[in-house]
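Subject: Structure handover

Hello,

Here is the structure I said I would pass on. Please load it before reading the notes, as they refer to residues by name and number.

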Amino acid sequence: MKITKHRQKILDALQQWFSTHKQGPTLEELCQELGMQPRQKATVQKWLQTMRDIDVEWDDHSARSLRLLTSEPEKPSLQLSVTDTLRYLATGVVQWEKLELEKRSQVPEALRIGMSRMYLTSLLRGEQAPENLPQFFDWAETSITSWKPAQEIKYLSPDVSVIEDGVVSDFAREWQVSGNDVVAQVQESVLKDVLEYCRGNQLEDAYRAFRLLIISKPTLHYSEYRQQLRLPELKPLRELLSRLEIYVDMDKLAEGSVYHLCPRCTYLQRQRPDGTYTCRNPWCERLCATSNFQPLPPISKEKAADWKAVTPGVHLYGTLPGIWEIQLQEELTKLGLRVTLWPFVDEFDLLVEFPPKVRWAIDFKDWASVDEERLRKVQYRRDATETFVVFPDEREDYLRIKVVREQLEPELEGVRLRLFSEIITQAQAILGKKK
Ligand SMILES: [Zn+2]
């Protein structure tokens, strides 16, 4: 039989399919694999007929009986990277969360690929893996390492899961693959827009004022919002901020008769299915539970109509990481050091200056797991005495920085990994010596 384009396409699609599935595809699924519309089913069926008994065979009365007859051509590579599989799953879950409720039966492409790879990896090793969406979501709430292949990943704590308390975990957000190689840290496009605008126009002070605003006041009364935008530092960004809708009307973000704010990050809380309120970020919620934050007074629906709030994406990628940066800045400033937040329009997070000549460049990472690839992206600063990546002590149980840095630091070309408390101690030591 002559090799037509169609024939090769179908053979390729089927080989691909059988690399991750035990049963054959339905006609609809085959259309999808071929990048065709379901209404082109008849065409695909016609092509299949011409290949019947030569390349393919099926049983007319049973679904999913389509199979390949040709002797196995080159086997697709069975070496599936577990790291890549987890990245697909993380990306898929984040995409899935963005779907409106009624569309959640559609599985995003990345999740489909991730689940197939997960299944195949386990199949090849004679192990178990989730086989369908409900099973997958059950697994997603448990430890990632309960899927055995994941135990091979370096620096992955058994305490992280893909979904936590019903929402996408920090781990999944960190591991998702952003479309183009957007500055990996800036995952919210409006934040990237502000950053680029400020870089392009050298608006270092305006950028700093903007960051401080979204970190310290992710929710605020409209009169205060107006007042902030009138500040001279923020003036150059006024138009851009309203065009990008960094802040929206708070009552657009939640329904209900009353609005609760998280006592730690002061952002609008979400209501759990059981009626209780928690921070939208499970990690922030855990920090609330272990610290002594006083609950904030709830805001009634009528009053909430006069409030503004940053969007959930800005809260997640702007407010939450920023809380740590400001906390570190405050602690170091208390020691009498000069600290600049986001110097050179955010080339890194904190510049710490010890007179006369010592300068530290610090990047703060509130990560759920140590990601070697992303650590390598932190540039060693030749204009600083030391370049540090700093992690919160509260994450040390998962990150084990004190242990893993021995293996990691030699690969990082001078960049050192420290905990928040270690930075403070090291700064005190330098200051102590001088006295
Ligand atoms: Zn919070």
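Below are my notes, going from the whole chain to the C-terminal sheet and then to a few single residues.

Overall picture

Please keep in mind that this is a predicted model. The protein chain has 435 residues, of which 31% count as buried. Its secondary structure comprises 19 helices and 16 strands. Taken along the principal axes, the C-alpha atoms fill a box of roughly 85 × 55 × 45 Å. Among contacts with a separation of 6 or more, 60% come from residues 24 or more positions apart.

Domains

The domain assignment splits the protein chain into four parts: domain 1 (5-68), domain 2 (82-175), domain 3 (189-318) and domain 4 (348-434). Domain 2 and domain 4 have their C-alpha centres 31 Å apart. The two are in contact, through ten residues of domain 2 and eight residues of domain 4. On the domain 2 side of this contact there are four nonpolar, two polar and four charged residues.

A record also has something to say about the C-terminal part. An unreviewed UniProt entry annotates residues 322-433 as "domain: REase associating with pPIWI RE". In the model, this stretch is 43% helix and 24% strand. Its end C-alpha atoms are 31 Å apart.

The five-stranded sheet

How are the five strands of the open sheet ordered? The order is 12-13-14-15-16, with mixed pairing. Strand 12 (338-341) and strand 16 (415-419) are the edge strands, each pairing on one side only. From one strand to the next, the twist averages 25°. As background, strands of a sheet pair through backbone hydrogen bonds, in either a parallel or an antiparallel sense.

Three of the pairings are worth going through in turn:

- Strand 13 (residues 350-354) pairs with strand 14 (residues 358-364) in the antiparallel sense, over five bridges. Here Leu351 stands opposite Ala361 of strand 14.
- Strand 14 and strand 15 run parallel and are joined by five bridges. Phe364 stands opposite Val390 in strand 15.
- Strand 15 and strand 16 also run parallel, again with five bridges. Phe388 has Arg416 in strand 16 as its bridge partner.

Strand 15 covers residues 386-391, and five of its six residues are buried.

The loop between strand 13 and strand 14 contains Pro356. The peptide bond joining Pro355 and Pro356 is cis, with omega at about 0°. If you set up the model for further calculations, this is a bond to look at.

Backbone angles

Which residues other than glycine have a positive phi? Two are listed here, Glu245 and Phe344.

Glu245 has a phi near 55°. Its place is in the loop between helix 11 (238-244) and strand 6 (247-249). Glu245 has 11 other C-beta atoms within 10 Å, and because the limit for an exposed residue is 12 or fewer, it counts as exposed.

Phe344 has a phi of about 50°. Phe344 is found in a helix, namely helix 15 (residues 343-346). With 13 other C-beta atoms within 10 Å, Phe344 is past the exposed limit of 12 but short of the 20 needed for burial, so it is partly exposed.

Thr85

Is Thr85 buried or exposed? Thr85 has 22 C-beta neighbours inside 10 Å; burial takes 20 or more, so Thr85 counts as buried. Thr85 lies in helix 4 (residues 82-98). Leaving out residues up to four places away in sequence, Thr85 touches Leu80, Gly114, Arg117, Met118 and Thr121. Leu417 is 332 residues from Thr85 along the chain, and their C-alpha atoms are separated by 27 Å.

That is what I have for now.

Regards

Terms used: Residues are numbered from 1 along each chain as its sequence is written. This is a predicted model: local features need pLDDT of at least 70, side-chain atom pairs count only at pLDDT 80 or more; totals for chains, interfaces and linings use all residues. UniProt positions are given in the numbering used here, feature names are shortened, and annotations may be inferred rather than shown by experiment. Helices (H or I, at least four residues) and strands (E, at least two) are DSSP runs, numbered from the N terminus. Domain bounds come from an automatic or database domain assignment. Two residues are in contact if their C-beta atoms, placed from the backbone, lie within 7 Å. Ala, Val, Leu, Ile, Met, Phe, Trp, Tyr, Cys and Pro count as nonpolar, Asp, Glu, Lys and Arg as charged, and the others, Gly among them, as polar. Two strands pair if DSSP finds at least two bridges between them. Axes are lines fitted to C-alpha atoms, for helices over the stretch in contact, and angles run from 0 to 180 degrees between N-to-C directions.
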